[in-house]
Amino acid sequence: MFTNSARFYDAIYEFKDYRAESERVHELIQERNPGARSLLDVACGTGQHLEHLSKHYDVEGLDLDEELLAVAHDKLPGTTFHSGDMVEFDLGKTFDAVTCLFSSIGYVRTEQNLEAAVATMARHLSPHGVLVIEPWLTPDAWQDGHIGSVFVDHDDLKIARLDTPQRDGHLSLIHFAYLVATRDEISHFTEDHVLALFTDDQYRNALESAGLAIEHDPEGLMGRGLYIATHPRAPSEY
């Protein structure tokens, strides 16, 4: 999916404060599971969150995109990364925390896949483990006619990325066009991304079906909200 853009991904998203986002995620995890020490980041991309979360946890990452994983490997050479689909993976171990950030959950596209992905992540939680999911836009938050743009202006790298999102039922279709200039060449390419516009009820149903207790932060890390879910405690612990 990020075949052409993976090596420019970090530059394109340098506007995000990954350090602050990671510290907020760390706080949320520790509030619910004090002493949590292991963390799996699902759809980890280039490892931007993991770079900061690794200061607090023994981290691992999983992603379906080999190009993004290659960047993550170079950035965090001592970290274990897995190639896999968030809808169905089995690492044979559990973690004190599992995260799925930057709206990556939208790429599962269907409600059936959403339920399967959440169930898969829940199965990788240790007792009292914490699952943190940052959703993509809801149908109510979608704005028709929006034109997006990102510009990168470095001495040795210039990028213009434009996008024209459209809606097709419950899906958001985003066509990205890139113009990239390096010291060696000028190139242009396109990418098409499809993310589902799940409702709050659909997220909650998937989390509840996985046997998790749910909290929802409507603001989240960047205005898209955040679902924080945990395994309910045993009766003796209340």
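Phenylalanine 102 is buried in this predicted model. Its relative accessible area is 16%. The residue belongs to the loop between strand 4 (95-100) and helix 5 (111-123). Tyrosine 13 is also buried, with a relative accessible area of 12%. Both values count as buried because they fall under 20% relative accessible area.

A search of the whole structure for aromatic pairs returned eight. Tyrosine 13 and phenylalanine 102 make up one such pair. A pair of aromatic rings is described by the distance of the centres and the angle of the planes. Here the centres lie 5.1 Å apart, and the planes meet at 90°. The arrangement is edge-to-face. This contact links distant parts of the chain, 89 residues apart. Tyrosine 13 sits in the loop between helix 1 (9-12) and helix 2 (18-32).

The two rings are also part of a wider group. Phe2, Tyr9, Tyr13, Phe15 and Phe102 form one aromatic cluster. A lysine is placed over the ring of phenylalanine 102 as well. Lysine 16 lies over that face, at 4.0 Å from the ring centre. Lysine 16 also lies over the face of tyrosine 18, at 5.2 Å from the ring centre.

Pockets were examined next. Rolling a probe the size of a water molecule over the atoms shows where empty space is left. The second largest pocket has a volume of about 150 Å³. Its lining includes Pro135, Trp136, Leu137, Asp200, His216, Arg224 and Tyr227. By class, the lining residues divide into six nonpolar, four polar and two charged.

Terms used: Residues are numbered from 1 along each chain as its sequence is written. This is a predicted model: local features need pLDDT of at least 70, side-chain atom pairs count only at pLDDT 80 or more; totals for chains, interfaces and linings use all residues. Side-chain values use heavy atoms; hydrogens and water are left out. Rings of Phe, Tyr and Trp (its six-membered ring) pair if their centres lie within 6.5 Å; planes under 30 degrees apart count as stacked, over 60 as edge-to-face and the rest as tilted. Helices (H or I, at least four residues) and strands (E, at least two) are DSSP runs, numbered from the N terminus. Buried means under 20% relative accessible area, exposed over 50%, partly exposed in between (1.4 Å probe, protein chains only). A charge sits over a ring if NZ of Lys or CZ of Arg is within 6 Å of the ring centre and within 35 degrees of the ring normal. On a 1 Å grid over the protein atoms alone, a cavity is a set of points where a 1.4 Å probe fits but cannot get out, and a pocket is an open set with protein on both sides within 12 Å along at least five of seven lines; lining residues have an atom within 4 Å of a point. Grid points are joined across faces, edges and corners, and a volume is the space filled by probe spheres set on the points. Ala, Val, Leu, Ile, Met, Phe, Trp, Tyr, Cys and Pro count as nonpolar, Asp, Glu, Lys and Arg as charged, and the others, Gly among them, as polar.
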